Amino acid sequence: MNTAARYILLILGVVITIHYTLTVLHEPYGRATKHFFAYSDVDPTSVPLEYYARPGMHNPALYAHLTPTIASESFIPVNTTARANAAFVILARNSDVDNTVRSIREMEERFNRRFAYPYVLLNEVEFTEEFKERVSVLTSAKVEFGVIPPEHWYQPDWIDEDRATKAREDMVNDGIIYAGSVAYRNMCRFNSGFFFKHPLLLPYRWYWRIEPDVHFHCDLQYDPFVFMEQNKKVYGFTITMYEFEKTIPTLWGHVKDFMRLHPEHVAEGNAMDFQSGDGGESYNLCHFWSNFEIADMEFWRGAAYQDFFAYLEKQGGFYYERWGDAPVHSIAANIFAKKEQLHFFDDIGYEHNPYTHCPRDEAVWRQGRCSCDRARSFDYDGYSCLSKWDRLVGERGR
């Protein structure tokens, strides 16, 4: 080897040594340089090897010579071996492709590029090839695209269309958002009673709901699916607020009727006091904002919720009024589960315009490298119900 080549190799070795020394010892440098590699399909040195042992992924034997490392403490999962039977669920239209790409890109960056949980995307029509291609390229995880069965999506034939049309017109005149939309009502009904029955979701137990154009503001240092499973939780949320009463004028009356008909489904030690200040006689309109949910689909598939949804379905309120999946899911979780089975994910920074939840604890905010402004968190806004949750559980986040 000539002298020039030796000098080149020496200089290259010095540069590499300095780079890795700074990566380990100088956190800002490590943060800045890691993003150079963040857009490759898989970084085999940043994910536990056992996560590659799934159909469609690379053969783990190809990486046997590598020692898994984590670039920063903020990316060390609590448990790198336990894994839940879980998937992300996204309901989207073909026109939502740009916003869907943004949501998945943030989820991958903040959490899933290290865990590779699968995605299930659902639409009432076939996804276009462009949509599939633009989404699939974002992740090394399994991605499936499904069409919603017509009977799960469209307004049932037995609905009195004259009555439903009159109700929509009255709500439009009252200035209620989405008042005139049948499609919005289809979505609320589907999310309330059918998504967990879709053939692509039947193999899974746990789900994390993602919507187009949402934002995940913090690095997640552990697996929330495993947390839910190990702690026997059934429903997790980040934002809670009051429902618009004019969209659900008769809902609570039907809820009370159902509880009288089926007292066997009402759980002891439930969270009724979160949504009612008088033992269930009236509804205070508080609900969990369901565009973010991490929950157990076996809870929705169970007898209590199945009986509950069937009863509500017969009342026609998804179309004669504008019942949303948020109050329906929330009311059910608060009545049919023990309050200890519900969880506030304080450490997950989340935004769905116009509201944001940002961790209030500075240490959590810094550890998660959160991009949200804690001073603008919706938690204790006048329209938030989180203070009621605090009083119910006695402390934040439990």
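Trainee: Is C385 buried or exposed?

Mentor: In this predicted model, the question can be settled from the relative accessible area, for which the upper limit of the buried class is set at under 20%. The value for C385 is 0%, and therefore C385 is buried.

Trainee: Which cysteine does a disulfide join to C385, and where do the two residues lie?

Mentor: The link connects distant parts of the chain, 99 residues apart, with C385 placed in the loop between helix 15 and helix 16 and its counterpart in strand 8, residues 286–288. That counterpart is itself buried, because its relative accessibility is 0%. The S to S distance is 2.1 Å, and the residue joined to C385 is C286.

Trainee: What is the handedness of the link of C286 and C385?

Mentor: The handedness can be read from the angle about the S-S bond, which for C286 and C385 is -85°. With that value, the link is left-handed.

Trainee: How many disulfides does the structure hold, and what pattern do they follow?

Mentor: The structure holds 3 disulfides, among them the link of C286 to C385 already discussed, together with a pair formed by C218 and C370 and another that joins C358 to C372. When the bonded cysteines are counted along the chain, the pattern is 1-4, 2-6, 3-5.

Trainee: How many residues apart are C218 and C370, and in which loops do they lie?

Mentor: These two cysteines form a disulfide with sulfur atoms 2.0 Å apart, and the torsion about the S-S bond is about 120°, so the disulfide is right-handed. C218 lies in the loop between strand 5 (215–216) and helix 8 (224–230), whereas C370 lies in the loop between helix 15 (362–367) and helix 16 (386–393). C218 counts as buried at 7% relative accessibility, and C370 is buried with a relative accessible area of 9%. Along the chain, the separation of the pair is 152 residues.

Trainee: Why is the disulfide of C358 and C372 right-handed?

Mentor: The pair has an S to S distance of 2.1 Å, with C358 in the loop between strand 12 (355–357) and helix 15 and C372 in the loop between helix 15 and helix 16, 14 residues apart. Both cysteines count as buried, C358 at 0% relative accessibility and C372 at 5%. The disulfide is right-handed because the torsion about the S-S bond of C358 and C372 is about 75°.

Trainee: What is the volume of the largest cavity, and which element gives the largest share of its lining?

Mentor: The structure holds 3 cavities of 30 Å³ or more, and the largest of them has a volume of about 90 Å³. Its lining includes V89, I90, L91, F190, N191, Y207, R209 and H329, and the residues of that lining divide into 7 nonpolar, 2 polar and 2 charged. Two or more lining residues come from each of strand 1 (86–91), helix 7 (182–193) and strand 4 (206–210). The largest share, 3 residues, comes from strand 1.

Trainee: Which element gives the largest share of the lining of the second largest cavity?

Mentor: This cavity has a volume of about 40 Å³, and among the residues that line it are M107, R110, F111, W208 and C218, the last of which also takes part in the disulfide with C370. By class, the lining has 7 nonpolar, 1 polar and 1 charged residues. The largest share, 3 residues, comes from helix 3.

Trainee: How many residues line the largest pocket, and which element supplies the largest share?

Mentor: About 1100 Å³ of space lies in this pocket, which is lined by 40 residues, with Y178, Y184, M187, E211 and H352 nearest its centre. The lining divides into 20 nonpolar, 11 polar and 9 charged residues. Helix 7, strand 4, strand 7 (240–242) and helix 14 (325–336) each supply at least two of them, and the largest share, 5 residues, comes from helix 7.

Trainee: How many residues does the largest nonpolar core have, and which of them have the most contacts inside it?

Mentor: In soluble globular proteins, nonpolar side chains tend to be buried together. Here the largest nonpolar core has 59 residues, and those with the most contacts inside it are F195, Y235, W300, F308, L342 and W389.

Trainee: How many residues are in the second, separate core?

Mentor: This core is separate from the largest one, and it includes W206, V226, M241 and Y350. Its number of residues is 41.

Notes: Residues are numbered from 1 along each chain as its sequence is written. This is a predicted model: local features need pLDDT of at least 70, side-chain atom pairs count only at pLDDT 80 or more; totals for chains, interfaces and linings use all residues. Side-chain values use heavy atoms; hydrogens and water are left out. On a 1 Å grid over the protein atoms alone, a cavity is a set of points where a 1.4 Å probe fits but cannot get out, and a pocket is an open set with protein on both sides within 12 Å along at least five of seven lines; lining residues have an atom within 4 Å of a point. Grid points are joined across faces, edges and corners, and a volume is the space filled by probe spheres set on the points. Helices (H or I, at least four residues) and strands (E, at least two) are DSSP runs, numbered from the N terminus. Ala, Val, Leu, Ile, Met, Phe, Trp, Tyr, Cys and Pro count as nonpolar, Asp, Glu, Lys and Arg as charged, and the others, Gly among them, as polar. A nonpolar core is a set of buried Ala, Val, Leu, Ile, Met, Phe, Trp, Tyr and Cys residues joined through side-chain atoms within 4.5 Å. Buried means under 20% relative accessible area, exposed over 50%, partly exposed in between (1.4 Å probe, protein chains only). A disulfide is a pair of cysteine sulfur atoms within 2.5 Å.
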